[in-house]
Structure formats: C-alpha cells, structure tokens
Protein chains: 4
Amino acid sequence: MNAQPKPVAELGFNTATKGVYPIAATPFNPDQSVDWDSLDRLTDFYEASGATGITILGILGEAGKLDPEESREIAARVIRRTRLPIVVGVSNPSFTAMGRLAKESMDLGAAGVMIAGHAALRSDEQIAAHFRSAVDAIGPDTPWALQDYPLTLSVVLSVPMIARIMTEHPSCVMLKAEDWPQLEKLSTIRSWQKDGKMPAFSILTANGGLFLDFEPERGSDGAMTGYAFPDALVEMDALHRRGERDAAHDLFDAHLPMIRMEQQAGVGLAVRKYLLMRRGAIACDIQRKPGTALTAQGRSEIDYLLERLARKDARARL
Amino acid sequence: MNAQPKPVAELGFNTATKGVYPIAATPFNPDQSVDWDSLDRLTDFYEASGATGITILGILGEAGKLDPEESREIAARVIRRTRLPIVVGVSNPSFTAMGRLAKESMDLGAAGVMIAGHAALRSDEQIAAHFRSAVDAIGPDTPWALQDYPLTLSVVLSVPMIARIMTEHPSCVMLKAEDWPQLEKLSTIRSWQKDGKMPAFSILTANGGLFLDFEPERGSDGAMTGYAFPDALVEMDALHRRGERDAAHDLFDAHLPMIRMEQQAGVGLAVRKYLLMRRGAIACDIQRKPGTALTAQGRSEIDYLLERLARKDARARL
Amino acid sequence: MNAQPKPVAELGFNTATKGVYPIAATPFNPDQSVDWDSLDRLTDFYEASGATGITILGILGEAGKLDPEESREIAARVIRRTRLPIVVGVSNPSFTAMGRLAKESMDLGAAGVMIAGHAALRSDEQIAAHFRSAVDAIGPDTPWALQDYPLTLSVVLSVPMIARIMTEHPSCVMLKAEDWPQLEKLSTIRSWQKDGKMPAFSILTANGGLFLDFEPERGSDGAMTGYAFPDALVEMDALHRRGERDAAHDLFDAHLPMIRMEQQAGVGLAVRKYLLMRRGAIACDIQRKPGTALTAQGRSEIDYLLERLARKDARARL
Amino acid sequence: MNAQPKPVAELGFNTATKGVYPIAATPFNPDQSVDWDSLDRLTDFYEASGATGITILGILGEAGKLDPEESREIAARVIRRTRLPIVVGVSNPSFTAMGRLAKESMDLGAAGVMIAGHAALRSDEQIAAHFRSAVDAIGPDTPWALQDYPLTLSVVLSVPMIARIMTEHPSCVMLKAEDWPQLEKLSTIRSWQKDGKMPAFSILTANGGLFLDFEPERGSDGAMTGYAFPDALVEMDALHRRGERDAAHDLFDAHLPMIRMEQQAGVGLAVRKYLLMRRGAIACDIQRKPGTALTAQGRSEIDYLLERLARKDARARL
C-alpha cells in the first residue's frame, strides 16, 4: 500500500494546502560533515512517501547546529532535487540572519519559510512585536508557516494571539499546530474562522503525530511532522479524508507505540534517525554534536517495536 | 482477569516496594465541595484494583486547590478506609505547611509522604538545600518519595543529583520517576546503585504510564501514576514480573491510545475523571476551579476510544 | 525633618490614593515564632513615618512561610493597632486560600488586598483568566491592588494587558508598578488613561524605590515599597509634590547606595530587617527559614553606608 | 583626572589580570550598517580611558544581531586598532559557530574569548556538558572568561559549579562575576581558592558596576562592564587599590544614579549609547533592530543626571 505520486495540482504551500509535509532530518557523516548523498536519498524517500511538500531546517533538522553556508547549500540541494514545494525553517535569534536565509531560500525556489517564537517572549505584545520584526526581515511577500509549539519553544500562543498574527500578516498561510493539548484548540480556531474572527489558513498538525487520529476531525488539513513513516502518515491522512475512521485509527494505533518513542525530548531524534537508517533513507543515524545516541538497549527496544509493527504494517518489515 | 487482593506481606512503602501505587483523584460535588462518598468509593476501587498502595494529594489530586483542613480530612478518611499503605503528597511553597501536613498525616497512620521541587530551583546547590529544608520540616524519620517530574515541575534532577539526595537522606525510600525521557535514566540509576554509587531505593514510574511497556526491563519496580485503569496497570506489572513480555506489550498497546489522552496537560485530568466516573468510581467528573472540562466532542472521543479498547480489554466494557 | 501624622482625609485605598504605603516586614523571634511585640512596634514605626497606609503579607513580608492562622492573626493585630488603611497580600497558589484570607481580612477591617500573577501564566489569555479567578475568589466588591513585578514573579503585564485587567475589574483600584524598566511604562499608562483607553487608578511604584527620583514626574502617585527609611520616602514624595526637584534628587541620591543594597534578591530582605532592627523598629532581624542572613562583613558594609548616609540625613544617625 | 596609558606589563588576559575591561558597544549608522569610523573612535576612547583590555561582541555589543562576517570584521578592526588585549564574546546557540568565531578571533590576534551558558541549562550536569562542548569547540588552548550572569542568561552557577568548571578547564582564566547578589559569592570563591578547593583565576565584576564600591574588598580584581564612564571605573579601581576607601565611595556614589539607569533591562543600552554619543565616542546612539530608543523625556532625564554628575566629576561636563 505504497503512496502514489501526487498530481502537481495538489502540491503547494498556501492557505488551502492539505496533506503531509514531513519535517526533514539532516543526515551527517560519522566525521560530523553533512552527508550530501543521504540528503538526496532522504529527499527522494520523502517524495516517494506521497508527501505534499517537505519542511527542511527545522529544530529536528538540527538547524541550530549548521553554518549559514551549510543551511543555504542544504536548501539549494533539496530544492533542486524534488518537484515538491520546500518550506525552509529560518528561525534565528538574529533577525538579520533570519532575513538572509529567507531571501536566499526564496531565491533558490523555496515555496516559503517557517518561523517560531522563543522563550523570552512573554506577553502578547512581545509576541506580536517578534512576528512583526520577523515579517519585516523576510519581506511581506514571503509565504510562511507559524509554528505553535510551546512544549519546546516555551512561547504560548492563545487563539486570540494566533488570530492577531494571522490578521496582521496575510503572508502567513499556515499554522504548524503542536500545542499540548491541541484538539480543542483546533476546534476553536476553526470556529473563529467560520465566525470571521480570523482569516483562513492551512493547519498542519505535528507533536510527532501523537494525536493524528483525532486531529482531522477537529479541523486539521494534514500533518507537518518528522515521524520516520511519512508514508503511513500519508495513508492515515487519506483514510481520514475518505471517512474511513476505524481504519485510520487501526493504522494509527499500530504506529502509536513507535510515534511515542520518537516524540521523546532529546532521544526522540536518535530514534527517528535510527528508523530512517533502518529504512534505508539515510546512511548513518549520527547527530551533529552535541547530540543524543541510542544505546544498544535503546536500539533493541526500537527493533522490538518494529517487529511488532511489522505484523500490522508491511512498511515496518525491514 | 480482575486483580486479586494482595497479601499484607507484599504491601508497604519502603526501599523494596514493588507494584502499583495509583495517584488518587480527589472527587468533588457540583457545588465544588469534596465528595466524601465518592472518595470512599474511589478508595475501594483502588484497593480492588490490586494496588500495592495509594498516593493521595498529588498534583493531579488537585492538592493545591484544597484547604489545609480538607487535605487533613481527606488523608484521615482514606487512611481509615483501606488497609493499603497511603502516601500523602505534602509539597507546598511553605515548609511550615509541608511539615504540618506531613506530621498530621503520619499521626493519622500514613505510610509516608511525597515531595517535589519547584521551578525556582536552578542549581544543584539550590535543589540540595530545598530537600534539606523539606526533610527538616517533615522530620528525619518520615519515609518519603522523591518526585522527579521536570515536565510539570520544571526542576531538573540529574542522576548525580538524585544520588546526592538519596545519600543525604536515608528516609527517602522511593523515586517517583517521570523524567522525559526516562528509560536510559532508569538504567543509569540502577547501574550506579549496583556500583555502590547510590543507595538502594524503590523506583515507581509515572508519566501517566506512557513508557510502562519498557520501564520494568530498565529497572523500575512498578508504577505510581493515576491512569484510570489501575487494574490494567497491575496486570501489566504482573505480566512483566512473570516475563511475559509480548503479553505485557499487547495489553499496553491496547491502552496506549487512552493513556496518551490522559497524559495531556490540563485536559488530561478531565479525561481521567471522566473515565473514573464512567467506571463508577466517582459520581461526578468535575474539577475544583480553576479546572478544565471535556467538551461534548472531547467526551465522544473518549467514548470512541473506550469502545475500541473494550474489544481487547473487558475492563473497558462500561 | 520628621513626618507629621496625616489628616484622616488623606488616608485611603482607592483610585485616587497618593502617598507612601510601606511594605511591612514580618518580625520573628529567634525561635522562628512571630514576634508580636515587634509587630506592634513596627506598625507604630510605619504610622509615625507619615505613611498613607501599610501593605502587609507581601513577598518580603515572608507571607509564603506563614500558616493561614498566623496570616490572619497578623492582619488582625496590625488592623487593630493603627488608624492607617491596611492592604493585605493574598496571593496564593490556591484560589480557595486566597479567597479565604481576603474575606477574613476584609471582615477584620482591611482596606483592600493585593494580588499578583505567577510564573506559569504565559499568554494574555492565561493572565486574564487568572485575575478573573482571583476576583471571583475575593469577591467583586473587595478593592485590590494589582502587582506588576516581572523580575520576581516572572509574569509580564503589557500596557494593553493592564488596561484589560483594569477595565474588566473596577474593583482594582491601584497598580503596584515595579516593572523593570518602569519609567516609560508609567508615561504610557498615564497617556492611555488620558485618552480614555483605560480607567483611572492609583499608581504606587516599588522596585525598592530604585527609580523613585523620576517616577513622580512620569505619573506615579507615590510609593509602595519596603525600604527601611519609609520616613525618607515620605519626604521625597512631599518634595516631589511641592515641585522641589533638586531637593528630591539630593535626598534620593543620599539614600540610593542603601536602596540598592536592599533591592538585591535574597539578601536584600536581610539588609532591610537589619536596618529596621538598627532603627529600633523590630527586636531581631532573623528571617523564618529558609532565609538569608547577613555575614559580619555584610553587616559592616551596611554600617559603613549608614555612617555615610548619616552625614546627609539625620535619620541615619543611629 | 584623566587616566594614564598603562605600561604594557600591566596589560593581559590571564589568571592574574587586574583592572578594567570595558564591554564595548557596537556603533551603527542610521541605516543599520556598522559604523566603522565610530568603532575606531570608540576603541580609542576605551584605550584612552586607562582600560586594561576591551571585551567586544558581548550581549550589550548586540552580538546576536550581527552576521558572522560582521562579527569577524569587527574583531579584526578593533584588534588592529589598539594595543590593548581584546576578548571576544563567542556565545552562540551553535557550537560550530562558536568555534569558528573563536578560531578566527584568535588567528586575528585576540587575547581570548568569553562564553556564557543559556536558559535551557538546568542541572549542574547540563551546565558541565555545555562548557565541555564549548571548550571542545574553541580548542583547549584558547583562554576564556566564564560569564556568570543569571539575571539575563537564566543559568545559575553555584560556587561548587564554578569550582567544577574552573578545575575541568585550565584554559578558563577569568570569571566575569555578575550574579545578583554577588558580594558574598565573591568572598566564598576567594575562600575556596585559599583553601585549595578551586584554582586561581581573575575575577572582574559587572552588573553594570552597581556594586563596584564593595566588590574589590570582597576579592574582585577589577571590572568588566560597559558603563559609559570607563575612565571613572578605572579611577575607582585605582582608589580601591590604593586603599582610599572613602574617596572610592565618593566617586562611586556620584555615578550611582547614572549607573543604575544604564543597568536597566532593554532601555539601559539606549542610555549607554546615548552617553557614549554625548561623550563623543560614537556618532549615533541607534541600535540595530529590534532595539529600544530613548524618548525625549528619557533623554532629558539622562541630561539632568549628567548635569548633577558634572558638579562632582568633570568628566560629565559635556
């Protein structure tokens, strides 16, 4: 049950975008340099999964550990490699650096960028000022996704705050929704949009996919997350759209034990890269320093979960 | 496959404790007063689940919203009601209040108390000072459990820090282990104990049970968490102890979709109380203000998960 | 140049309140019990300083270390002792406890209460909900002061947020303004009030008095802070009101080296209590545990600053 | 009473360094580009102040808003311009970037670098790991200063933690001490060093100079801070070394009202740049976006304080 290539008409990065945007890992060689061959292979892997687009240089893409030159070259290489729209994470403590990577990425052919807040933003006024500075830095015509991920970013976006950002910035076309909890918030956002209290935008959910069984019924348009089985996410998404609720839950429940392992802080990325390596998408599961590695027992736990998953989903037969 | 009453010899709260300590909810009436009848029923429910003991007045017991008099009366009532050992959460910004509730609880017959740190504790020196003040307040002979729950408490306990606390305070008999991630940390703690780098103590894991399928193999002695199916936790624990790994995982996987819903911030307690109500353990799922309530759609999602769970576990046929 | 008793007409706790409200220390005996005699003496000391009112049970009153019974008794004793209006700090993680102390205090004859937020409040929506719960707990007719002290409380109140709270809650009659920086914020608040964007309220500044030389020109109505020379604060306030700018700065500059010592985190309270003891207002400078004590060198530094101050202000000749 | 050029023998960046290291501002043109002429003038200004060395690219040097190329060029230009030893702030979320700037700076002739922790470091283990990664990145032979500034950095370094870092990393030659409070901590560190519990290192204090009147008696070797009157800091330092306590306090007290204005969060840098502009050290007081500007009233307050200061210190007659 492999995913089929999407017709070009379905691809895109705009307020109507639906589907799955994997958050791409960044593959490294054992000597800590970027593994360019694996990057190509990984790009192909995401495209073959049936994804709608790919998000690169996010937190789990280890963007914060890259040189500006590396970031630009990764963006260039992925954009050249695939026909899928590419969204580039450009969050940076320096708005100068943010604007620079955004401009370079758009010039290279990116579909848009992704921007998050940070822990020092406390009041709604500070948050509003941050995103005004960000849009100032990337330019008002660059489409962007707003990341709502308080667990890791420590910035809390209420529904009125999201409405304010979305109203102030028509170039924000998408919400990467990964609050915790998220379900009721999805319903509230969709209700506010229906009532004209905020503009329309696409909502892709994340949190590693941990609530992907209910999010579409709450109003999400798909997923933007890095789970190492993007093809399974694409299938879940399709089942939901066809209204096959039980089947969607069956597939989700089969993957949930693994999804949960990937969603751990720190070691979650080690799990993800190990799975991508086991699936042949990258050559090596190493992280750039400072990173977390799976121990032998950690790997054996993942192997065991893979075996259990393989009984229900052939994609896990490795 | 209901749990059997434990022989008294297996009960206890000490460095050798094994099994399941449910974290008790506190039932309220619609008028916000404590629902004493439900408290009795809930105590019986936990005892009937096969639990080793019960922990009351924890965070999810809404302890912070109770008057000192209510806290004392709840402790008195639960202790009188059950033959199980009772551990009382006594964390409080005031060490005076902490010491008072600890003393009252021990006088009433509690088996021990539970203590956490708080967000203002940053350096290891500050953490060490906090637990010295706490032991000073509760007295050096009161057995206690150390709560390691950074996600909610924002206090980070490294393995050397845990070793330091446990070495300084022989009255600390148990670690309530709910770091995130927790698995490798369990292995490290057990390895340090084996090497004589810290004393022996019981480790019960929590995090709502989200990693309970692997924790016993990493060295945990059981669980101390509030999942609304403590009887299922008791069964998982028994399966693990008998080495029935696959069966333990099967049971865990069946419950994981629900466990995850309960483990959400804020609304998780609403899910838990709703399930306890559906199971007949309490009359009403209301929280004392300020609390979070499930919407109609939220309830229907839990009902749907219950139906799915019921196909695999008869306890969910309500 | 000692302060004169205020005519009753000038006393009060309402939106027009002007003058100085000392934040009262809580005196303890060496055995950690409340020193009731010193509490009387301290109350008299504040009244004799020319204060407009007194705020008790604030953070620096070590309120978090008191039993509910002690808090109530302190409130009762101070209220009975003085003709000055008394504001009672009632901030508490439990709204039940907050409401109880507020009701007891008002029944005893308090003029109002003071309420702060806490570190877990991140978005403006969370802050708004917190103060709604607080007003729900204390009752809509209890006058209260809003504490804006991000450095210690970690809750950030923007000017629009203050406008929202003040508009929603007519019972909030005063802002205890101690943001950092605070000067421009004072001007902005007064400008918003002038433009009808928020209602009128009294603003007393704090931050230990560290910016008291400019705050009145920015729109403050006085000070609510615990500096051990409240009589000097009263005189500065009077000089400002009479437009004697240079004289106000001269007096302020003389005290600034000491003000800065008191404004330190942790040890600042030890400085304050030591000065109150040296001035004869309390018998002993001990803090309830856990507290910070001045070392011998720390005391000698304060003594040296006192000597230097005494050359310019006779109040420091002890 | 202008400062005299230091003989070369007194200059240096090592465990025996004494004196004043100004934290350099970074001057910008109104179009947001770096103002290279002002950078030269500012470098000359610091050298003429009698400073022992200069620290560039710190937090108040707006380092986080600079491109890597700009940072390198600033370092190159300042190093070429002055005979003073230059310490380069290299803190960066990316250890790759940190290592790169450190290597480039040392190759250009810097005397050493400065490194801070960040808010995500909670336990002592995490802090230790951070500085191990940092030393790994900059190389074990690069001399560095450890920044202890919890108020802004939110990382708390206890005395035992400082001992651990200093013991593990002999290349750490200096502590930039700006904890709050700091006085007792200085005494404790010096006492630990005397007892052989940690190695010798230089301690320069900061916090804008707010406690510079007592810090030398507590064991500091001088100051590393950005106050716009570095020549006054140099004089205070000399008075302290000559044992002229009263004169040192007189000079300090004269400057304290201004020091306090500069030490404010956010707007403090605007005050500092305004003063540097008034003193002719830079052409324009603008900050790179996002920055804080002084209002007209804010400037007039500083002007008023300058007039008052000028009565006591001729350096303020502008």
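**Strands, copies and a contact**

Biologist: What makes strand β5 (residues 144-148) and strand β6 (residues 172-177) of chain C a pair?

Modeller: This is a predicted model. In it, 5 bridges join β5 to β6 in chain C. The rule asks for at least two bridges, so the strands pair. They run parallel.

Biologist: Which residue of β6(C) is the bridge partner of Ala145(C)?

Modeller: Met174(C) is that partner.

Biologist: What sheet do the strands of chain C form?

Modeller: An open sheet of 8 strands, with parallel pairing. The order is β1-β8-β7-β6-β5-β4-β3-β2.

Biologist: Why are β1 (19-20) and β2 (54-56) of chain C called edge strands?

Modeller: Each pairs on one side only. That is what makes them the edge strands of chain C.

Biologist: Now the chains. How do you know how chain D and chain B are related?

Modeller: Lay chain D on chain B. A turn of 180 degrees does it, with a shift of 0.0 Å along the axis and an RMSD of 0.0 Å. The two copies are therefore related as by a two-fold rotation axis.

Biologist: Why do you say that these copies meet through the same surface?

Modeller: Because 100% of the interface residues of chain D are also interface residues in chain B.

Biologist: How many residues does each chain bring to that contact?

Modeller: Chain D gives 11 residues and chain B gives 11 residues. Together the two chains bury about 960 Å², with 53% of it on carbon and sulfur atoms.

Biologist: Which three residues supply the most of the area that chain D buries against chain B?

Modeller: Arg122(D), Glu125(D) and Val156(D). They supply 58% of that area, more than any other three residues.

Biologist: Which helix gives the largest share of the side of chain D that touches chain B?

Modeller: Helix α4 (residues 124-138) of chain D, with 3 residues. The residues of that side of chain D divide into 4 nonpolar, 4 polar and 3 charged.

Biologist: How many salt bridges and polar contacts link chain D and chain B?

Modeller: The salt bridge count is 0. The rule for polar contact does find 7 residue pairs across this interface.

Biologist: What turn superposes chain D on chain C?

Modeller: A rotation of 180 degrees, with 0.0 Å of shift along its axis. The RMSD is 0.0 Å. The same surface serves both copies, as 97% of the contact residues of chain D recur in chain C.

Terms used
Residues numbered from 1 in each chain as written. Chains lettered and ligands numbered in written order. Predicted model: local features only at pLDDT ≥ 70, side-chain atom pairs only at ≥ 80, totals over all residues. Heavy atoms only, no water. Contact = heavy atoms within 4.5 Å. Buried area = accessible area lost by both parts, 1.4 Å probe. Salt bridge = Lys/Arg side-chain N within 4 Å of Asp/Glu carboxyl O. Polar contact = N/O pair within 3.5 Å; in protein donor to acceptor, adjacent residues only side chain to side chain. Helix = DSSP H or I, 4+ residues; strand = E, 2+ residues; numbered from the N terminus. Nonpolar A, V, L, I, M, F, W, Y, C, P; charged D, E, K, R; others polar. Least-squares fit on C-alpha atoms with pLDDT ≥ 70 in both.
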